[in-house]
Amino acid sequence: MNTPAFRSPLEASQVQDLRPPTRREFLKNCAAGLMVWVAFSPSLRAEETPEPANAPKPRPKPRADFNAFLSIAADGRVTCFTGKIEMGQGPVTSLPQMLADELDVDLDQVEIIMGDTELCPYDQGTWGSLTTRSFGPLWRAAAAEARAVLLALGAEALKLPQAQLRTQSGFVIDSADAKNRISYGQLTQGKRIERHLSVAPDLKKPADFRIVGKPLLRRDARDKVTGKAKYTGDLRLPGMLYAGILRPPAHGAKLLRVDRSALPEGKGFVFIELPELVAVLHEQPDLAANAVSLLRAEYAPFSSPLTDTNIYQHLETAQIPTRVVNQGGSIEQGRARSKGVCEGRYLNAYVAHAPIETHTALARVEGDSATVWASTQNPFGARDEIAKALGFPNTKVRVITPFVGGGFGGKAVNMQAVEAALLSKACGRPVQVMWSREEEFFKDTFRPAAVVHVKAGVDERGHMAFWHYDVKYAGDRGSDLLYDVADRLLTASGNFNGPDGYHPFPVGAWRAPGCNTNAFARESHIDQLAALAGADPIEFRLRHLSNPRAARVLRAAAELWGWKPSVGVSGRGLGVAIGLDAGTYVATIAEVAVDQATGKITVKRVLCAQEMGLVINPAGARIQMEGCITMGLGYALSEEIRFKDGAPTDTNFDTYELPRFSWLPRIETHILEADNSPPQGGGEPAIIVMGGVLANAVHDATGARLFELPMTPERVKAALKARPKAPGA
Amino acid sequence: MTKTISFTLNGRPVQVQAAADRMLLWVLRTELGLTGTKFGCGISQCGACTVLVNGQAVRSCTESVLSVEGKELVTIEGLAQGESLHPLQKAFIQHDALQCGFCTPGMILTAYAFLRRNPSPSHAEVLAGMNHNLCRCGAHLRIVEAILSAAAAMRGASSP
């Protein structure tokens, strides 16, 4: 291979070999300090509910191994380890915050290592808003255990009974004489202690928190505003090559043969042809990508009759098994009691994850082992996928996760990491795969198109008489009725990740999978029932909310907004919706204006009240709410994958419209105090109501009911045309 | 065809040998080792690759390396003066105006060029000025607050 002609004076100094320490080396360096080892007992492991995030195949059961959660070095510095990853949602700040409080050290003494399968305890993946609510208690327990050990060591060293000692800022201190103290670093000198956590130790009570519950700025912000923060694509290894990968024109198109004769010789290109993976590698990423167009590929004739316009009919007629999600009373009897009945068919389109960082990986396969840096939400899952593809035991594969540039569920699957590993193995050099935006739109696991049918009625007293709800393809997460209806039947078929064979491309978990579709259908339908009952939509909801947490967020939202009750279409453009996800309740009120000539919706104001139990980092939690509201404008108003012939026709941000600055409404977020309840999830709940709340607001503005997301100007215009004539008009 | 292209990069003169039609983004990220400039879309739609060329915000994914011959180029790595951060960088930290951080360099440099043109923008002008930079995490609200606060700080610093 020729050496490319491109050199600059800066280059040599920029490329340093990355040889991260192995676990053995790392532990050796820490040998002077205390290591707290935590064994996940089966009962503790069960606390982190396995979410079917995006697992087309069953995940292997994690081994019951021992891994260090934290170490305390002789100088008192604490290093903690987690398999969770940082993709913007903030655990790089909130996890050290929790740990520092429980361990009684200052936050700036704590460093965190995330998403390294060699150094960190097993983790099932970062999704489902589980980091705080499910993983948090284990994490805090490890710190509490360490503190207990340090207290015991302190009692020995100070020759005092433990009851006379307290801990603070990395010291064990004599309560009778604060000058009589010894640092954690001094205590741990030369000791190596294993603790196996089998019984959850007592955790601190909220009243005793010093750091948890305080709003903290992000710890990674400085690196992210200076360009210093390293994402996977920013890593360089000596001798590395970049991959341009040949992609088929459509999903399902089979490659017959590829002719590489147009690829210039002697220009540094390396051609790799593996089963299902054809690539051109080069020392420059752009040259590798451009060279792919020089390959002449022949595919077996392939076509798909499915398009974004006939997809719902296709999905509805497909025969897949239906399951009962919730059932009570008799919908027949409820229907018989009904004074008015309302039916609706709610649709939503395929939606992309579209993180600004595309799927990226850098792999170095040497001999019988592999190290892969990957932008992934699931480092241990990626490790296993890579090991399987390479034919290595997973103990020979190490996945390291630098900062991740957004995930939203899409980086739960790691095909790019497998591709990089296979190519590195084939060429014997490190290989980076960074998907282009077009590849991202082709290979992404979209949020599935889905259909929800709802039939429901109200009785003479203005209460819901029955609720018959059927969701296809979105999954049942978030289909909870929330409202009190004795006669009900909720069924679901399919899920957000399948089954295979019905969608024209792979589908998967998208921020709060299932919930956005379900909340859109439910909350749109409730509004129509309120009108049927002649009730204000908030008053009507409260009539059916014996659930105190749901009622509380809705009352709070109404009060904070200054809600004035109104029945039917008020012309004000106000909508309301509530939801439950990840253990957190949200109630959102929005105001829109609709340009009836163009069909354009302008969102003017969004207020969200949220109850999420104890809040670890209030600043981080509010940021997540704002992010949910802003991101939710997209799937509600503009985002959809259009496609034909087995391939998306939206392949970049020129036609696939993400929310923009000019769309930004006035946003108000309120977190309701619930310090004595366990912490719940915060990364997803506030997004789930955005489709429903805006559909309701558009109806209130215009009398037009939108049954399909996104509410594009064309659909708004069609709904305006189809709306019932106002009485007397 | 490979050419030698000379320009000023973050205050230092540099020369690179590169095919003239290569895009600036890739030359920055590979030859010049400045990875703060990000790839997001490749067609000037998202703004993650924004750099400053003679003080103007330019999308480096569609700008040829030849086009910066003789010009002054600033990337996110060159915005701070040593350890002293630019007011925009400080404001992005203080306002938590980022989540995943991938769009952040492009946001800050776009805002820098925008504030040069309009040092006292209204809220609506910031929205319009930033409208062609995409953030998927939804940090928009705080980005706007950060830009307005940085603008105020910069006006304060430059007034006599």
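These legends go with several close-up views of a predicted model.

**View 1. Seven strands of chain A line up in an open sheet.** Read across the sheet, and the strand order is 10-11-8-18-15-16-17, with mixed pairing. Why do strand 10 and strand 17 of chain A each have one side without a neighbour in the sheet? Strand 10 (270–274) and strand 17 (397–400) of chain A stand at the edges, so each has a single partner strand and one side left free of neighbours in the sheet. From one strand to the next, the twist averages 25 degrees. At one edge, strand 10 of chain A pairs with strand 11 (residues 277–282) of chain A in the antiparallel sense, over five bridges. If you want one pair to look for, try Ile272(A), whose bridge partner in strand 11 of chain A is Ala279(A).

**View 2. Two helices of chain A pack on that seven-stranded sheet.** Helix 11 (residues 379–390) of chain A touches strand 15 (360–366), strand 16 (369–374) and strand 17 of chain A. The direction of helix 11 makes about 145 degrees with that of strand 17 of chain A. Now look for helix 12 (residues 415–427) of chain A, which touches strand 8 (241–245), strand 10, strand 11, strand 15, strand 16 and strand 18 (431–434) of chain A. The direction of helix 12 makes about 35 degrees with that of strand 15 of chain A.

**View 3. Three strands of chain A form an open antiparallel sheet.** The order here is simply 5-6-7. Strand 5 (165–168) and strand 7 (177–183) of chain A take the edges with a single partner strand each, so one side of each has no neighbour in the sheet. Neighbouring strands are turned by 35 degrees against each other on average, if you ignore direction. Strand 6 (residues 171–174) of chain A is joined to strand 7 of chain A by four bridges, in the antiparallel sense. Within that pairing, Val172(A) sits opposite Ile182(A) of strand 7. Lying across strand 5, strand 6 and strand 7 of chain A is helix 5 (residues 130–158) of chain A, which runs at about 125 degrees to strand 5.

**View 4. Strand 21 of chain A has a partner in strand 13 and another in strand 20 of chain A.** Is strand 21 (residues 488–493) of chain A largely enclosed or largely open? Five of its six residues are buried, so strand 21 is largely enclosed by the rest of the structure. Strand 13 (residues 322–328) of chain A pairs with strand 21 of chain A in the antiparallel sense over six bridges, and here Arg323(A) stands opposite Ala492(A). Strand 20 (residues 464–472) of chain A runs parallel to strand 21 of chain A, and six bridges join the two. Look there for Trp467(A), which has Arg488(A) of strand 21 as its bridge partner.

**View 5. Val698(A) is part of the largest nonpolar core.** This core has 258 residues, and those with the most contacts inside it are Val372(A), Ala421(A), Leu694(A) and Val698(A). Which residues touch Val698(A), leaving aside its neighbours within four places in sequence? They are Val592(A), Val594(A), Ile601(A), Ala704(A), Leu706(A), Met711(A) and Val716(A).

**View 6. Arg23(A) belongs to helix 2 (residues 23–29) of chain A.** Arg23(A) has 15 C-beta neighbours inside 10 Å, so it counts as partly exposed. Leaving aside neighbours within four places in sequence, Arg23(A) is in contact with Glu118(A) and Leu119(A). Here's a fun one: Arg23(A) and Pro379(A) are 356 residues apart in sequence but 16 Å apart in space, C-alpha to C-alpha.

**View 7. Chain B meets chain A.** The contact takes 51 residues from chain B and 54 residues from chain A. On the chain B side, strand 2 (12–19) and helix 5 (140–158) of chain B are among the elements that each supply at least two residues. The largest share, four residues, comes from strand 2 of chain B. By class, this side of chain B has 29 nonpolar, 17 polar and five charged residues.

**View 8. Chain B is divided into two parts, domain 1 (2–78) and domain 2 (87–158).** The C-alpha centres of these domains lie 21 Å apart. Their contact takes 14 residues from domain 1 of chain B and 13 residues from domain 2 of chain B.

Conventions:
Residues numbered from 1 in each chain as written. Chains lettered and ligands numbered in written order. Predicted model: local features only at pLDDT ≥ 70, side-chain atom pairs only at ≥ 80, totals over all residues. Pairing = 2+ DSSP bridges. Axes fitted to C-alpha atoms, helices over the stretch in contact; angles between N-to-C directions. Nonpolar A, V, L, I, M, F, W, Y, C, P; charged D, E, K, R; others polar. Domains from an automatic or database assignment. Core = buried A, V, L, I, M, F, W, Y, C linked by C-beta atoms within 7 Å. Buried ≥ 20, exposed ≤ 12 C-beta atoms within 10 Å, placed from the backbone.
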